[in-house]
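Trainee: Before we go through the terms one by one, could I have the sequence and the structure in front of me?
Mentor: Here they are, and you may ask about each label as we come to it.

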Amino acid sequence: MSMAVAGMIAGMALGFAGYFGGFGAFLLVAALGALGFVAGRLLDGDLEPGEFSRLLRPRDRDRDRHGR
């Protein structure tokens, strides 16, 4: 499945959730979709669990600037 088709399906699901369930349902579907996307990337091997700690940890600008 191409990314365009996956995006279209996700958009339609969010649209239906927003129309029939309101804004709360829209947010729930969006959050669960993002969680499913990350889980799928982990299972495919495209994403490593250690990458999350790097994303969540504040960067030390001095260390990054000097390469240490």
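Trainee: What makes methionine 1 count as exposed?
Mentor: Methionine 1 has a relative accessibility of 79%, and since buried means under 20% relative accessible area, exposed over 50% and partly exposed in between, with a 1.4 Å probe and protein chains only, methionine 1 counts as exposed. Please keep in mind that this is a predicted model, in which local features need pLDDT of at least 70 and side-chain atom pairs count only at pLDDT 80 or more, while totals for chains, interfaces and linings use all residues. Residues are numbered from 1 along each chain as its sequence is written, and side-chain values use heavy atoms, with hydrogens and water left out.

Trainee: How many helices and strands does the secondary structure of the chain come to?
Mentor: There are three helices and zero strands, where helices (H or I, at least four residues) and strands (E, at least two) are DSSP runs numbered from the N terminus. Methionine 1 lies in the segment before α1, and α1 itself covers residues 3–44.

Trainee: Where in the chain is confidence lowest, and where is it highest?
Mentor: Helix α3 (residues 61–66) has the lowest confidence, at a mean of 57, and α1 the highest, at 86, pLDDT being the predictor's confidence in each residue, from 0 to 100. Over the chain the mean pLDDT is 79, and 76% of the residues reach 70 or more.

Trainee: The structure holds three aromatic pairs; why is the pair of phenylalanine 16 and phenylalanine 20 called stacked?
Mentor: The ring centres of phenylalanine 16 and phenylalanine 20 are 6.1 Å apart and their planes stand at 10°. Rings of Phe, Tyr and Trp (its six-membered ring) pair if their centres lie within 6.5 Å, and planes under 30 degrees apart count as stacked, over 60 as edge-to-face and the rest as tilted, so the pair is stacked. The two residues are four apart in helix α1, and are therefore separated by about one helical turn.

Trainee: Why, then, is the pair of tyrosine 19 and phenylalanine 20 edge-to-face?
Mentor: In that pair the centres are 4.9 Å apart and the planes at 85°, so the pair is edge-to-face. Phe16, Tyr19 and Phe20 form one aromatic cluster; tyrosine 19 is exposed, with a relative accessible area of 68%, and phenylalanine 20 is exposed as well, at 63%.

Trainee: Which residues form the nonpolar patch on the surface?
Mentor: Met1, Val5, Met8, Ile9, Met12, Phe16, Tyr19 and Phe20 form the patch, with about 980 Å² of accessible area together.

Trainee: Is valine 29 exposed or partly exposed?
Mentor: Valine 29, which is found in helix α1, has a relative accessible area of 31% and is therefore partly exposed. Leaving aside its neighbours within four places in sequence, valine 29 is in contact (heavy atoms within 4.5 Å) with Ala13, Leu14 and Ala17. The C-alpha atoms of valine 29 and alanine 17, 12 residues apart along the chain, are separated by 7.0 Å.

Trainee: Why does leucine 27 count as partly exposed?
Mentor: Leucine 27, also placed in helix α1, has a relative accessibility of 43%, and so counts as partly exposed.

Definitions and conventions:
Patch = residues over 30% accessible without salt bridge, like charges linked within 9 Å, V, L, I, M, F, W, Y side chains within 5 Å. Areas by Shrake-Rupley, 256 points an atom, 1.4 Å probe, with all protein chains shown as cover. Salt bridge = Lys/Arg side-chain N within 4 Å of Asp/Glu carboxyl O.
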